[in-house]
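Reader: Hello! I have a two-chain model on my screen and would love a close look at one part of it, the helix packing in the second chain. Could you walk me through that slowly, and then show me what surrounds it?

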Amino acid sequence: MTWHGVWAGDCAADPEKGRGEGRGDGNSREAAPRRVFCDETGVLTIDARGLTYRELNHVLRAHVRDGARAIAVRNVAGQRYIGTNLGRLRYPVTVEIHGTPGSDLGAFMDGPRLTVFGNAQDCVGNTMTSGEIVVHGRAGDVVAMSMRGGAIFIRDDVGSRCAIHMKEYGDRKPLVVIGGTAHDFLGEYMAGGTVIMLGLDLAPGERHRACFVGTGMHGGRIFIRGSIEAYQVGREVELAEPDSRDQETIMSAVERFCTFFGTDFDKIANSEFLRLHARSHRPYGRLYGA
Amino acid sequence: MKSYLLPQFTVERDASRCSVCRACIKECSFGVHYYDEKRRTMGTHEERCVGCHRCSTFCPTRALTIRTHPAKFRPNANWRPECILDIRKQAETGGIVLAGMGCDKPYRIYWDHLLLNASQVTNPSIDPLREPMELRTHLGARPDRLAVADEPGAPDAPLTPQVSVEVPILLAAMSFGAISAQAQRALMQAAQEAGTLCNTGEGGWPAELRGFGRHVIVQCASGRFGVDADYLNEAAIVEIKIGQGAKPGIGGHLPGEKVTEAVARTRMIPPGTDALSPAPQHDIYSIEDLSMLIYALKEATNYEKPVAVKIAAVHNAAAIASGIVRAGADIVVLDGFRGGTGAAPKIIRDNVGIPIELALASVDARLRVEGIRHRASIIASGGFRNSADVLKAIALGADAVYVGTAALIAMGCTLCQQCYTGKCAWGIAASDPKLAERLDPNVAARRVVNLINGWSLEIKEMLGGMGINAIESLRGNRLHLRGIGLEDWELEVLGVRGAGT
């Protein structure tokens, strides 16, 4: 995409409009809209250079409030909370993020679809309710903490404590797919949802290095492609083979993964996966003597 | 294994009064009373009695008296009966000894060593019956300086969000699951009627109680139970729970058998699963991380709501509170070691943390010295028994207080400390729906409102006696306090002079 365009006034959305109307104006006094373009495909484009996170998120919210549904943000450099409180609509807002978004990308997010062309920092999808985050790169620590709905796809590796305390209820079932590998404490305290780790960047025969996988796990399931030794998983975890329903879950997620990142589906389709789940829903039931 | 645990209470049944109506059998949730078909008499399993006085309160003929059991081991100042009992429990179970409610050990209660002032001639007292008396309190950060618009229509300095309460008495965090749905409804209803706030605790916010939003503080704790965008946006204040006075530094486990369908829906976890709150919040390993969560919550709520951070009162509370304020919190909540709990390891409840009086005084002083006291309100919590405790806390620097135990006592609680069993015969900390139905939310709410109103009247009388007509004027005004029977170091920490000086 070439970097030329028109000023905000020519786009459908004007962040100045709607000031002082209801929610979303908590910080309207200080956030001045910067360069806002429509690119040649009609996607609203925001240049995030020099904007604080508060300014950038304010501009994003103002555009969404004014009807924008597809937004691209360029030159993102560490701005936090992108996607937080950004529209909870029937047709989700899609945001393309070019650069490196800051921590808490999509924290408490409910609805939007974020695509990051770059790496993400810590706490991606923190306590996220619904929506989708796709990262064309790696992500830092604590991805999907307490996530309770929606999906996160990370092309490469993730840091420690990914999917910690992820949980599910009813039809809210979060999904995290990691293309590479993870650091320690993957799925710690996990209470629900699905994690799929593909290990695509491991050499043939190389095992995942994460230790304490699923420590304190009491719900949900982790599917791992590639080998892992028994000592690397927590004692609350049982190792099993995926059944046919699991295979369906894995393959439909892998298919989405391959669509996002252009990965060869056949390379993964015939692989063996390992299923990790909790031995008990009550891991600490016998801890107390009343 | 035969149990060596001896009965803690004895049940005396006056045969001349007992009409064998069997009400006691129905009322006791611990299975103490039974009817002996063979002998056609009432019988008791007194080893099961927890001393909650449900049966004696509801005995229509007042035939029952519950007493602490008279049996004694050989007196021993070191090996007190409680130590022996706990050892026996652990020898039989190999587990952690649990307890409910706050620390019951005889540590010094500083409220009982602080005396309030009254004015006499030079600053005449005020009669609250005839003159206006202001208890309204605003919670939230204050601007660094007051900017006044130069010209009409020009914007003033932006104000940070504030929440007002009619009385500086808030209802403390008690989660659904730890207390019954009826008890939580009663507390929220009471908060609405009394013009104050009620905290949901960390167990989510039942859908049927969302209507009380303007009077609700929601908690975001390590388990993140029931936290979603609606939860945050429908409340008046969002509170990050770092620690709790009854169990500083540890998390909490709501056992799977208490996770009923309703609790599961509210917490957004599958029914029957343990609800585990990890000890730390795993996105907070530093003050910088705390700041990140504070601003995540502000972003999630459009900077429209104050964000509070609650910590247990511990040794370095003042330094921690300073960090919390600098991290961007609008309210600091301090929970002293006498604060209640639905369940805590007894060893932690009774041995970790410090009294709220000392923590509050040191935090207020530290924030003042650093020039950041205006940036956050302080809410003190943990064992407030009466209106004098509340007023003394405000004189020590609190903006408002949380009361939990006192509100539960108003609803019927007798401090039997069995909350963690889920068998509360009073329907308060009950997980069994049959037991929970015993609490009528309207009646319970009325009792709590009455308590708050009674305390408010007393506070106005005491303020009037000091010649003060607005609670703002007493806030942090330690000259209205004097210590009695305290050591020099205690007076110094409290920042008060000894009585008579």
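Author: Happily; what follows starts with confidence, moves to the helix contacts, and ends with the strands and the other chain.

Please keep in mind that this is a predicted model. Its overall scores are an ipTM of 0.91 and a pTM of 0.92. Chain B, where we will spend our time, averages a pLDDT of 95, and 99% of its residues score at least 70.

Let us begin with helix 14 of chain B, which spans residues 441-465. Helix 4 of chain B, residues 181-194, packs against helix 14 of chain B, with the two axes coming within 8 Å and crossing at roughly 45 degrees. Because of that angle, helix 4 of chain B counts as oblique to helix 14 of chain B. The crossing of these two helices is right-handed. If you would like to click through the residues, helix 4 of chain B contributes B:Q182, B:A183, B:R185, B:A186, B:L187, B:Q189, B:A190, B:E193 and B:A194. Facing them from helix 14 of chain B are B:P441, B:A444, B:A445, B:V448, B:V449 and B:I452. Sorted by class, this contact holds 11 nonpolar, two polar and two charged residues.

Helix 14 of chain B also packs with helix 11 of chain B, at an angle of about 55 degrees and with the axes 9 Å apart. That angle makes helix 11 of chain B oblique to helix 14 of chain B. Here, too, the crossing is right-handed. On the helix 11 side of chain B you will find B:S387, B:V390 and B:L391. They meet B:W455, B:E458, B:I459 and B:M462 in helix 14 of chain B. The residues of this contact divide into five nonpolar, one polar and one charged.

Now follow helix 11 of chain B, residues 387-395, to some strands: it lies across strand 6 and strand 20 of chain B. Relative to strand 6 of chain B, helix 11 of chain B runs at about 90 degrees. Those two strands belong to an open sheet of three strands in chain B, ordered 6-20-21, with mixed pairing. Strand 6 (114-116) and strand 21 (497-498) of chain B are at the edges with a single partner strand each, so each has one side without a neighbour in the sheet. As general background, strands of a sheet pair through backbone hydrogen bonds, in either a parallel or an antiparallel sense. Strand 6 of chain B and strand 20 of chain B, residues 481-483, take the antiparallel sense, over three bridges. To find this pairing on your screen, look for B:L116, which stands opposite B:L481 in strand 20 of chain B.

One more helix pair in chain B deserves a visit. Helix 8 of chain B, residues 317-326, packs with helix 10 of chain B, residues 356-369, at an angle of about 50 degrees, and their axes are 8 Å apart. With that angle, helix 8 of chain B is oblique to helix 10 of chain B. This is again a right-handed crossing. From helix 8 of chain B come B:A317, B:A318, B:A321, B:S322 and B:V325, and they meet B:A359, B:S362, B:V363, B:R366 and B:L367 in helix 10 of chain B. Seven nonpolar, two polar and one charged residue make up this contact.

Finally, a look across to the other chain. In all, 47 residues of chain A are in contact with 38 residues of chain B. On the chain A side, the touching residues comprise 15 nonpolar, 19 polar and 13 charged. Chain A has a mean pLDDT of 87, with 86% of its residues at 70 or more. Its residues 1-34 have a pLDDT below 50, and this stretch has 56 contacts in the model beyond near neighbours in sequence.

Chain A has strand pairings to look at as well. Strand 4 (residues 94-100) and strand 5 (residues 110-117) of chain A pair in the parallel sense over five bridges, with A:E96 opposite A:T115 in strand 5 of chain A. Strand 5 of chain A also pairs with strand 6 of chain A, residues 130-135, in the parallel sense over five bridges. There, A:V116 has A:V135 of strand 6 of chain A as its bridge partner.

Notes
Residues are numbered from 1 along each chain as its sequence is written. Chains are lettered from A and ligands numbered from 1 in the order in which they are written. This is a predicted model: local features need pLDDT of at least 70, side-chain atom pairs count only at pLDDT 80 or more; totals for chains, interfaces and linings use all residues. Axes are lines fitted to C-alpha atoms, for helices over the stretch in contact, and angles run from 0 to 180 degrees between N-to-C directions. Helices (H or I, at least four residues) and strands (E, at least two) are DSSP runs, numbered from the N terminus. Angles under 35 degrees count as roughly parallel, over 145 as roughly antiparallel, 65 to 115 as roughly perpendicular and the rest as oblique. A crossing is left-handed if the near helix is turned anticlockwise from the far one by less than a right angle, and right-handed if clockwise. Two residues are in contact if their C-beta atoms, placed from the backbone, lie within 7 Å. Ala, Val, Leu, Ile, Met, Phe, Trp, Tyr, Cys and Pro count as nonpolar, Asp, Glu, Lys and Arg as charged, and the others, Gly among them, as polar. pLDDT is the predictor's confidence in each residue, from 0 to 100. Two strands pair if DSSP finds at least two bridges between them.
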